[in-house]
Amino acid sequence: MSQEPAWIHPVVTDAQGRPLDVMELRGLTVDVIVGVYNRERVKPQPLRLDVALFLDARQAAVGGRLANTVHYGRLAGELRFLLDACRFELLESAAEAVCRYLLAPPTDAAPHAPLYAATVRVTKPEALTGWAIPSLQVHRTAEEMVYRAEAKPFGHVDVIHEGATYGVYRLRVEPGGGIPPRADGHTEGMELVLGAGMLLEGQPVGRGMAFNGPGVFGHRYDNPTATEQTVLGVYRPRLVLLDGGGAGELTPVGAGTLYYLPE
């Protein structure tokens with residue numbers, strides 16, 4: 001039972017029929033809330049994530065630039081964040097949300113090589129107390145993904161995935177823009193700063209810092225840089241994509257959690 005299960009994913013080719021390169025990130029295990037039963041909604045349990053990314057690595061091999069490949073260190077932190085924040089009911093929801101996040105077009109704050117497809121496997125090693133190990137593996141292509149985006153006063157909001165009780169969004173803040181404190185009826189949220197140079201309530205906030213709890217809606221972000229910056233947010237209930245709602249009351253910022261490894 002302790003032996004690692006076989007990891008098999010399809011061969012994906014480019015437009016010329018050449019097999020694409022595959023980058024794997026395996027064994028990412030996080031203690032999270034996952035499941036539909038009452039005991040699973042209150043007590044964290046391990047969830048293991050394995051992903052395979054299909055891309056063309058030739059340009060990165062020649063140029064040596066991270067923007068031409070995938071920064072797997074930062075990606076691991078972003079996936080940990082999603083597992084922590086979403087509190088999935090089903091393995092199916094977790095796999096779909098991860099696929100949709102992986103295959104979303106890159107942003108200026110988090111550039112990477114185009115991804116043509118992704119294989120994702122999620123495993124609950126302790127769900128059946130040793131009787132068996134349930135897992136789910138899915139494969140998705142970028143061409144089948146459709147993402148909704150809405151213009152906002154600060155820039156744009158990308159709808160990455162919406163589950164039954166939560167939503168995953170990218171808040172893209174244009175140069176000189178800012179996200180004011182919000183009062184839009186949400187009860188809980190978690191936000192991860194993906195880019196460098198953002199200000200949180202006037203103070204610099206590091207790339208990979210995350211903030212959670214009801215207080216995130218009382219935070220103000222500003223982008224003083226010349227590049228669009230991105231905040232990855234998970235909110236419950238789903239984000240209401242309307243310009244209304246008004247400004248909320250400014251609340252103190254906690255210490256936050258760093259999801260990226262030091263570079």
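Helix α4 lies across β2, β3 (117-123) and β4 in this predicted model. Its direction makes an angle of about 150 degrees with β3. Helix α4 spans residues 91-103 and also lies across β6 and β14. Against β6 the angle is again about 150 degrees.

Take the sheet of β2, β3 and β4 next. Four strands make up this open sheet, in the order β1-β2-β3-β4. The pairing is antiparallel. At the edges stand β1 (21-32) and β4 (135-141). Each has a single partner strand, so one side of each is left without a neighbour in the sheet. On average, neighbouring strands here are turned by 15 degrees against each other, direction ignored. The pairing of β1 with β2 (residues 45-55) is antiparallel and runs over 10 bridges. One residue pair to look for is Glu 24 and its bridge partner in β2, Ala 52.

A second helix also lies across this sheet. Helix α3 lies across β1 and β2 and runs at about 40 degrees to β1. Helix α3 covers residues 72-86. It also lies across β7 (167-173), β9 (188-193), β12 (209-212), β14 (229-236) and β15. There the angle to β14 is about 25 degrees.

Those strands lead to the other sheet. This one is open and has seven strands, ordered β5-β6-β7-β14-β9-β12-β15. Its pairing is antiparallel. The edge strands are β5 (148-152) and β15 (257-258), each paired on one side only. Five bridges join β5 to β6 (residues 155-162), in the antiparallel sense. Within that pairing, Arg 148 has Val 159 of β6 as its bridge partner.

Both helices therefore link the two sheets in contact terms: α3 lies across β1 and β2 as well as β7, β9, β12, β14 and β15. Helix α4 lies across β2, β3 and β4, and across β6 and β14.

Cysteines come last. How many disulfides are there? The count comes to zero. A disulfide needs two cysteine sulfur atoms within 2.5 Å. The sulfur of Cys 86 has its closest cysteine sulfur in Cys 99, 13 Å away, which is too far for a bond. Cys 99 is likewise in no disulfide, with the sulfur of Cys 86 as the nearest cysteine sulfur. Are these residues buried or exposed? Cys 86 counts as buried because its relative accessibility is 0%. Cys 99 is buried too, with a relative accessible area of 0%.

Technical notes: Residues numbered from 1 in each chain as written. Predicted model: local features only at pLDDT ≥ 70, side-chain atom pairs only at ≥ 80, totals over all residues. Heavy atoms only, no water. Pairing = 2+ DSSP bridges. Contact = heavy atoms within 4.5 Å. Axes fitted to C-alpha atoms, helices over the stretch in contact; angles between N-to-C directions. Buried < 20%, exposed > 50% of the residue type's maximum accessible area, 1.4 Å probe, protein only.
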